[in-house]
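Welcome! Take a look at the chain below, then try the exercises with their solutions.

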Amino acid sequence: MDLRGIRAFVRVAELGSITRASRDLGIVQPALSRHIQRIETELGTQLLIRLPRGVQLTLEGRRFLQHGRRILHEVAQATSRF
């Protein structure tokens with residue numbers, strides 16, 4: 001798992017859409033989907049329910065979102081001091 005994947009997951013979760021997150025992050029949808037799938041595989045659980053129009057977080061997805069936001073915040077804090 002890497003920061004790029006965590007950042008991608010957080011943005012998808014916040015926007016509720018892989019399409020919108022893809023535009024926002026400036027990466028193509030298939031690459032964004034692969035980031036999410038890698039995290040789901042690594043964690044061994046589904047984080048998102050893919051719907052015809054957007055995504056919905058699973059319970060595990062909501063939990064991981066909290067961790068992901070915290071991780072990104074900590075990294076931002078650490079790098080801002082240098």
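Two short exercises follow, on helix packing and on salt bridges.

This is a predicted model, in which local features need pLDDT of at least 70 and side-chain atom pairs count only at pLDDT 80 or more, while totals for chains, interfaces and linings use all residues. Residues are numbered from 1 along each chain as its sequence is written, and side-chain values use heavy atoms, leaving out hydrogens and water.

**Exercise 1.** Describe how helices H1 and H2 pack.

Step 1: Find the helices, which are DSSP runs of H or I with at least four residues, numbered from the N terminus. H1 covers residues 3–15 and H2 residues 18–25.

Step 2: Take the axes, lines fitted to C-alpha atoms over the stretch in contact, with angles from 0 to 180 degrees between N-to-C directions. The angle is about 125° and the axes are 8 Å apart.

Step 3: Name the arrangement. H1 is oblique to H2, since angles under 35 degrees count as roughly parallel, over 145 as roughly antiparallel, 65 to 115 as roughly perpendicular and the rest as oblique.

**Exercise 2.** Which residues join Arg 11 in a network of salt bridges?

Step 1: Apply the rule: a side-chain nitrogen of Lys or Arg within 4 Å of a carboxyl oxygen of Asp or Glu. The count comes to four salt bridges.

Step 2: Look at two of the pairs. Asp 24 bridges to Arg 11, with the closest N and O atoms 2.6 Å apart. Glu 14 meets Arg 69 at 3.4 Å, N to O.

Step 3: Put the network together: Glu 14, Asp 24 and Arg 69 are linked with Arg 11.

Technical notes: Helices (H or I, at least four residues) and strands (E, at least two) are DSSP runs, numbered from the N terminus.
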